[in-house]
Amino acid sequence: MTGTADVGVDKDSDESGSAVPPAPGGGSEGRPEPGPVPEVSLIKDRMIKTPVPAQDPVPPQDPVPPQGSESPARPPAPQPPAPGPEHHDQLDDAPHLDVDEPLLAARAHRPSDLIRFLAGVLGIVAVFVLAGIATSTTTGIEQDIATNAPHFSAVLSTITGLLSSVAVLAVPLAFAVERLIKRDGLRVADGVLASVLAYGVSLGIDWWVAEGASEHIRTALTRLPLDSNGSLTDPVHGYLAPVIAYMTAVGMSSRPRWRVALWVVVVFSGVTELLGGYTTPLSLLLTVLIGWSVAYGTLYAIGSPNIRPTGQHLMIGLRKVGFTPDGAHRAPDAPGGTRRYYVTQQDGPPLDVHIIDREQQASGFFYRAWRRLRLRSVAVRRSPQSLRQALEQEALIAYAAAASGARAPQLVATSELGPDAAILVYENVEGRTLDELPDEEITDRVMASLWQSVAALHERRIAHRRLTGESLLVVDDETACLVNLSGGDIAATDLTLRIDVAQLLTTFALRIGPERAVATANAVLGADRVAQALPLLQPVGMSRSTRVDLARLTKERRTAARARALEQVAAGERTQQQAEEDIAAAGEDLLSRIRGQILQIAPEAPMEPAKLERLKPKSLIMVIALTFAAYLALTTIKPAQLKLSQMNWAWAAAALLAAAFSYVAAAMSLTGFVPERLPFRRTVAAQLAGSFVKLVAPAAIGGIALNTRYLQKAGIRPGQAVASVGASQLAGLAGHLLLLFSFGLVTGSQTNGDLSASRAVIIGVLTAAVLALVVAAVAPLRRFVLGRLRSLFFGVVPRMLDLMQTPSKLITGFGGILLLTLSFTACLDFSVQAFGGNISYSAVAVVFLTANAAGSAIPTPGGIGPVEVALIGALTVADVSPAVATPAVFLYRALTFWLPVLPGWISYNVLQRKNAL
């Protein structure tokens, strides 16, 4: 539960020799002993007060150069008087300081714990992989140990084993008693929970290795002791893993003596077990990784005790560096999670204090890692490796910004706040951020003031890197300053400075439009510098919040334009073509509009986008897809299942030709529903590229997305492209049902009323009926399906009316749908004939139409798995023996799905290079 804590610190207490106390929950070893601490009172559930000093604010004083202190500069403050009898008599009557802040959570989920947990899991997987493939190496190491073990004294080995077994349990117990005495039982409870979970995981892995693992893994992790009765050793030590989990969860890393003592006994215990022939090297390594991983997984799941400094520590820290705080309250966090406090003083100006700590540094690790992997080094800032580096970097940028003449808050002091945090003290500047300012109050003078500060920074080669609305502080109607410079760079490159300009242009354009944003920048920077930012106007180069705002704005504009177009078309005010043009115009993103404004003031501005990405997501997806395809091909297609020795190669060649012709038929089914002229060869290549896309998306979804993209690249408006693909899908669905009904009747007449051959038709119809009833009965599902169908088939009817003016197009479209189904049916029929099967073509058509639809209903990439099962089952129902149906289906899938993957990948890349996809 979140409340309000008012921390009172006695004003007249003597703190000249005090040190900052350790964070709550921490130990005493490795940290300075706390000195005299002022009297502190914690009062809950009080009203939060605005920190306005009771007296008139004292004007800022000239900073004094530091004299051997780590604080670079600070305003002079009177030293508190030495304690005397009168001082102590007045102590109880002295006024208190108020620090209003939300209570910090008792526990914190640290990203560093999650990172360590994932690293441990990867280590465990690596151990199992090594045990499975490096059999000779692991066996050789075990043999060397077994050969040299007799050289050690048996008595010494026995004594060492006994002592280590006792110590490995006694040391954690002694540490727990020591923690309980110091009232740190919460960490002990965390350690006990982690040890219990580690023991459970150890038992589970022991059972899996004994019952389900391969022989290689079992040999690498277990052995048969010389003095055993035939039972193997445990793969995981049942007492070492819990002890390691316990010592990790209780936080022994901050207590060097205890940590060294426990690791010594653990190592001695492991070596003794190894020399005695009761374990293997990989088993010891697996035990350590399990204990380590379970401990950090437990800490991340339940949270670690929160040791972040509170307002109490801040007030003491400010007094330690010479300030006289009078009151404070928590301010909105700075970017990156940096906590901020507004502090008033007894005899000085108000302060804006930033606290940085290790937990705040670790937050956002995965996002930063992805950005570093994806973007070039100039487009992403390197994070400090330590708390000290973060403190020094922010202080350096603050002083450099002040020296450049830019309007920014003055840094007046810095200090460490215990071993895990530091503070930076800025002068307080009153104002509102751009995000808090209404649009009508964003004047050209305010924007010009900010552009002037950015120009001053750039003249000294300083990049801000966070020019979003929360970093722009508006002081009055004409003045603004830059805040949150902690993410900036010194000696920045030209590309980094141009990214700053692009970011600020976008920030202003999101609020007041691209016209005024570009005009103001042009008035301050000049056309040349604004034009240099044009290649950097890319979403990938913007901050995360800006990318979210851009996507939201584009979506809102498109939704509003689509709703308005539907109303106007229904009212007869606009034609369908005019409505689609309005939707397309509204769908133009903001960055494109900014580029258009820049080109008006600088027609010769460079247009080619700068290369900010080193790894594009689609390249990563392509690598993953190829790897996935290779894995599935190696594990799914087995020569024994294909029975190549029994296959008729003539029928197989005919099946290959039928599969190849299906791409021509697919191109016909698409071009027939597009009134515009499309290059037929390129359309066939696009359908072939769809074979590669199926690897990472269900067949229907991947095909719709690829065809829509292809039509847009061919110069067709987005609305018309979606309508054409929707018309093709709608016609394909109608053709599918019509062919299923027709072939079902033919199959039934050929079997003289015997319904066994038409059973698949009945099953397919009943399944479709049940699904339709479920969709119609469940309101949320019904709204979802209707919304998707409405968006997919919006404009289909007007598109079909346009096509009816050219009957040849409709003949091509419907003919392509018919030939596509017939070619797939022929491929499956020829595959069955290749292995000696005897079934009518109409029966094969019914099997294909029903089983392929049923298998594709499960959204796996390319229908892998469900399609094969459905086809084999349907052929078996149609009186084809499983010995023929299984290899026939695998041949059919190899020709229609696996074989086109490589040509599809080549076609996909060629079309992308030609800007056709």
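These are legends for four close-up views of a predicted model.

**View 1. A nonpolar patch on the surface, built by Val 121, Val 125, Val 129 and Ile 133.** Together these four side chains make a patch of about 340 Å². Take Val 121 as the way in: this residue belongs to helix H2, which runs over residues 111-133. Its relative accessible area is 33%, so Val 121 counts as partly exposed.

**View 2. Arg 461, a non-glycine residue with a positive phi.** The backbone angle to check here is phi, which comes out near 60 degrees. Arg 461 sits in the loop that links helix H14 (444-459) to strand S12 (462-463). Is the residue buried or partly exposed? With a relative accessibility of 33%, Arg 461 is partly exposed.

**View 3. Ala 491, another positive phi outside glycine.** Phi is about 55 degrees for this alanine. Look for Ala 491 in the loop between strand S15 (489-490) and helix H15 (494-512). Its relative accessible area is 61%, and exposed means over 50%, so Ala 491 counts as exposed.

**View 4. Ser 831, a buried serine in helix H30.** The helix spans residues 807-834. At 0% relative accessible area, Ser 831 falls under the 20% limit and therefore counts as buried. What does Ser 831 contact once its neighbours within four places in sequence are set aside? The partners are Ala 655, Ala 888, Leu 891 and Tyr 892.

Notes: Residues numbered from 1 in each chain as written. Predicted model: local features only at pLDDT ≥ 70, side-chain atom pairs only at ≥ 80, totals over all residues. Heavy atoms only, no water. Patch = residues over 30% accessible without salt bridge, like charges linked within 9 Å, V, L, I, M, F, W, Y side chains within 5 Å. Areas by Shrake-Rupley, 256 points an atom, 1.4 Å probe, with all protein chains shown as cover. Helix = DSSP H or I, 4+ residues; strand = E, 2+ residues; numbered from the N terminus. Buried < 20%, exposed > 50% of the residue type's maximum accessible area, 1.4 Å probe, protein only. Contact = heavy atoms within 4.5 Å.
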